[in-house]
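Reader: Please take a close look at one part of this model, the side of one chain that touches its partner. Put it in the context of the chain as a whole.

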Amino acid sequence: MSFDIAFPQTIDEAVSANENGARWFAGGTDLIPEFKSGFVRATRWVNLKRVHELRGIRVTNEGVHIGALATLAEIAENETIRKNYRALAQACSLSASPQIRNVGTIGGNLNQDSRCAYYRSGFPCLLRGGEKCFMRDGENREAAVIGYRDCVHVHPSDPANALVAFDARIVVRGREGEREISAQELFRAPDTKDTRINVLNADEMITEIVLPRVPENTRSAYVKAMDRAAWTFALASVALKFEIQNSKLENVCVVLGGVAPIPYREFRVEKALSGVEWNEESVTQGDYAVLGDAQPLAHNRYKIRLARGVLKRALRELLANE
Amino acid sequence: MPKLVKTKVENEGRVTEEYAWVEEPKTTPWDVEEELRVVGKPIARVDGVERVTGAAKYTTDIQLPRMVHGNYVRSPHPHARIVSIDTSEAEKIAGVRGIIHSKNIANFANVANIRFANHRDFFNDPVRFVGDEVAAVFADSMEIARAAAQKIRIEYELLPFVLDAEAAAQPDAPQLTQNGNLVDGKPSTYARGDVEKGFADAAVIVEGVFTTGAQVHSALETHSSVAEWDGKTMTIYESSQDVVGVQNRVAKLLNLDAARVRVIASYIGGAFGAKFGAGKFTLLGALMSNKLRRPVRFVLDRKGEQIAAGQRSATKQYLKLGAKKDGTLTAIQLTNYNNVGAYASWNPYTEGPARELYACENVQTTSYGVFTNTPPFAAFRAPGFVEGIFALEALMDELAAKLKMDPLALRMKNYSSVFPENGRGYTSNGLLDAYQEGARAIGWEEKKNGKRETRNEKRETRNGIRRGIGMASQIWYGAGAPPSFAIVKISTDASATILTATQDLGTGTKTILCQIAAEELGFPIERIDVEIADTQAGPFAGASGGSMTASSIGPAVREAAADARQQLTQIAATILKKRAKEIRIENGIVKTRDSEKSVAEILKEIDNMQILGHGSRNPNPSEYEIRTFGAQFVEVAVDVETGEVRVERVVASHDSGRILNPLTVSSQIEGGVLQSMGFALMEQRVLDANGASLNANLEGYHIPTIADTPKIETHMIDRADPLANNLGVKGVGEPPIIPTAGAIANAIYDAIGVRFYDAPITRDKVLDALERMERGD
């Protein structure tokens with residue numbers, strides 16, 4: 001199998017190098033094995049590793065700027081992020097394995113492909129241009145329980161949930177220039193008309209993630225439930241963020257992962273938690289109707305209880321840290 | 001003079017009578033109390049450095065000039081007749097060297113002589129599972145082979161299919177073979193006593209329907225073979241637990257003398273029972289190497305490994321126990337369905353524990369090995385027993401709860417000091433010791449029975465976590481058997497080399513053989529070398545499986561070393577002008593009453609000579625049964641909010657006879673415990689409704705990671721079994737995988753009061769059960 005490979009030095013070069021079905025790659029932790037296996041096909045590849053503008057984590061007055069090439073390990077280890085955006089650091093360190101975190105980039109993580117077992121096993125499903133979603137009526141233990149349309153895959157990214165909780169902005173560059181979108185807006189539920197799992201156009205790449213400043217009294221945590229203790233995708237997870245004002249929770253953000261095609265914000269639970277006293281009894285005794293609107297499939301009703309469980313874990317963990 | 005004897009050979013529950021060519025023993029078993037110098041000591045792996053530095057060459061590392069690569073084309077259908085195969089487009093691709101499939105395989109001479117288990121052909125038509133081999137493509141590179149595979153046009157005629165074993169056992173099910181869907185054409189049945197009477201006599205009866213999932217070996221080195229024909233000799237590098245088996249198969253295929261086939265398996269990246277004999281890929285590679293006069297590499301890709309290289313079969317077990325008020329078992333009845341998939345040559349012995357573990361007069365078992373249109377069975381570390389114990393020991397716990405008895409006391413009540421099937425004694429039986437030692441080490445009495453008002457009271461919840469404790473028993477084989485032969489040669493530089501065609505699965509075989517030879521020769525272990533896993537280097541040794549490597553080849557090595565030592569003693573006696581019985585050899589020093597001289601100094605006197613000692617494995621005693629025993633005790637923490645089950649601690653107490661090396665033993669225990677934990681909590685092949693694998697990779701098929709690993713404590717009984725063989729050793733490879741899963745399920749019950757009948761016990765099952773419990777269902 002022959003292919004070309006380009007090594008652009010700047011974002012502009014990288015954007016213009018992406019033509020005729022070329023594929024960008026950075027860490028390549030998913031694309032390269034799937035290229036070798038034949039699942040991903042391309043005859044032109046654009047290696048982004050030499051685009052220095054995309055590297056690094058910068059702290060400014062505005063907040064924290066994370067270059068798209070920052071690895072998950074770099075983010076997990078960054079002092080400022082560990083201190084002020086703890087849920088993001090945790091989400092990165094709970095992703096994948098150390099080997100993958102050392103080369104996998106945040107840009108690639110946010111723009112990663114679906115991990116749906118049917119899709120990845122080569123079924124002619126919706127995401128592959130087919131007619132139907134096979135998981136919906138099949139082995140749907142890992143499927144979405146809420147927020148899905150015609151395809152019931154769940155978005156696999158852990159950091160995405162934390163980025164939504166911190167209301168991060170995603171800077172995107174394409175042939176038409178630059179635009180900014182909120183982390184929440186980046187993701188979408190695929191349907192028959194549009195099978196994309198995010199809103200990026202084919203010519204657009206993520207260049208930077210901007211985390212706005214957070215007040216001193218911010219607390220956050222990321223808790224992930226998996227089929228084993230490490231190196232697998234979330235069955236359910238939560239990015240929880242709030243501020244403590246007069247020993248009460250305020251500006252609560254609850255973002256669930258592993259339950260929907262997008263990082264799923266639980267506004268109702270956020271509201272229920274707002275104003276609650278920050279102590280063991282009041283926060284863990286409450287039965288916050290997590291995923292009250294869920295529409296589970298045959299084998300994934302457990303995710304509702306699980307989502308409630310990871311939220312309680314997150315609250316407990318933060319209480320224990322006080 | 002050696003003599004030919006008939007001897008009973010047992011392998012994973014299958015007993016056969018076989019000939020063995022045996023010599024007069026040169027050794028007597030070491031005494032139970034005997035102080036040994038090297039055997040029993042924690043000697044580090046003799047090949048540890050090359051393994052961890054990457055110097056060790058595995059089969060998949062073998063690269064030869066002009067190598068051709070093999071790749072399979074697999075069926076996308078669960079059951080289909082092949083109407084036509086058109087390879088014309090594929091053959092046009094430059095670098096394609098050959099395509100073999102069901103329609104042209106007969107063009108190869110001698111292929112007709114090759115019979116696979118259950119009439120499996122090189123390429124079956126009809127294909128019987130999604131992933132069945134339809135064709136093999138050989139090309140100058142793997143990329144070309146893959147591209148060519150895409151260009152082969154295959155027309156299928158779809159046939160009705162069946163995935164579920166119980167459904168496939170019904171008369172109206174789609175038929176996979178001309179003889180129906182049952183292995184051997186019928187269930188295997190066993191009965192002793194009168195099971196109906198046993199239940200009539202019972203004060204308490206418990207019943208359960210259990211299922212266990214298909215566990216995939218997932219060896220990190222996939223099945224692989226490199227064949228090289230030099231015009232005279234066929235050399236096969238193979239990731240195999242049976243080099244001689246591969247040699248014989250390839251010799252027959254190519255119509256060569258066995259001596260013209262050399263098989264090498266220097267390092268093996270995991271086998272677990274799935275790498276016996278020659279693979280189809282091995283034989284196809286050998287055929288092509290012979291035809292093309294080029295080396296051929298045939299390595300399964302990960303997907304192929306996970307789909308088509310074997311599995312521990314899924315089971316469904318209907319189990320019923322009856323007992324008197326004092327706990328005495330009055331009846332055990334089991335009907336089980338083993339889903340052996342598309343092909344299997346035998347039915348795993350799921351009923352083994354029900355038949356063999358407890359002293360129960362009335363036992364009846366019916367075991368169906370059922371063919372289905374799912375991936376095929378291959379032996380997997382204690383096949384049948386992990387599954388069987390999972391059900392039996394769960395139901396024993398239920399029985400204990402009903403009888404208001406301590407589960408451990410119930411087991412001890414039903415302990416059998418003789419083999420319950422025939423009343424014969426065991427060479428040794430450390431089960432009671434294992435119960436006691438394990439219970440002491442984990443603090444069973446306090447943790448299980450202390451502090452609680454009533455036994456069925458649920459454990460206290462702290463921060464959403466409930467803890468529990470459970471245990472399960474183990475019985476297994478591991479006697480080892482003849483034939484196995486070894487040579488020990490001593491060179492004039494006072495070094496010794498062990499030669500035998502056994503193989504080291506990664507268990508430490510090389511290390512323990514060096515220890516045995518060092519002990520018997522009286523040499524320092526540093527002066528012992530070992531050449532194994534090469535049919536050209538050493539004499540015959542059997543396959544490494546059934547926990548019988550150490551107990552089969554170990555005694556033969558001791559015999560060979562004894563032979564060599566006797567010869568060395570004679571030489572030393574002549575040179576020192578002493579009588580042989582005045583001479584001792586210790587740590588490389590020849591000692592007499594009044595002199596000490598190193599072996600090297602003695603041998604310096606004589607140039608160019610070599611001592612060759614040979615030894616063979618003697619038969620097992622016919623009047624005894626040989627079994628390994630054990631018990632494991634497990635502590636778990638269950639998060640009732642997230643359904644997470646953490647195994648926190650495992651105490652493993654096993655009787656495998658004499659411990660040859662505590663390091664290699666504890667590494668076996670740890671590996672077995674982890675594989676069983678995977679079986680209990682996370683490992684399971686997932687098929688879609690049409691039989692296609694949805695997790696044929698290591699991302700979706702979850703094996704435990706180091707982060708899942710509990711504290712594992714090995715407490716071996718370590719008592720030599722001199723009736724068994726001259727080392728007093730029994731196997732330890734499989735015993736540790738047997739009880740862990742059952743003990744985990746029992747500990748989960750202890751923690752949250754929910755009995756899980758289906759393995760693996762994943763979070764969804766735990767959370768659904770907790771939900772049902774909350775609702776009061």
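**Chain A and its contact side**

Author: In this predicted model, the centres of domain 1 of chain A and domain 3 of chain A, taken over C-alpha atoms, are 37 Å apart. The domain bounds come from an automatic or database domain assignment, which gives domain 1 (1-53), domain 2 (54-113 + 161-212) and domain 3 (218-321). Residues are numbered from 1 along each chain as its sequence is written, and chains are lettered from A and ligands numbered from 1 in the order in which they are written. Because the model is predicted, local features need pLDDT of at least 70 and side-chain atom pairs count only at pLDDT 80 or more, while totals for chains, interfaces and linings use all residues.

On the contact side, 25 residues of chain A are in contact with 28 residues of chain B (contact: C-beta atoms, placed from the backbone, within 7 Å). Two helices, α8 (117-120) and α13 (302-321) of chain A, each supply at least two residues of that side; helices are DSSP runs of H or I with at least four residues, numbered from the N terminus. The largest share, eight residues, comes from α13(A). By class, the side of chain A that touches chain B has 11 nonpolar, six polar and eight charged residues (nonpolar: Ala, Val, Leu, Ile, Met, Phe, Trp, Tyr, Cys and Pro; charged: Asp, Glu, Lys and Arg; polar: the others, Gly among them).

As for the whole chain, the C-alpha atoms of chain A fill a box of roughly 60 × 50 × 35 Å along the principal axes. Within chain A, 63% of the contacts with a separation of 6 or more join residues 24 or more positions apart.

Conventions: Contact = placed C-beta atoms within 7 Å.
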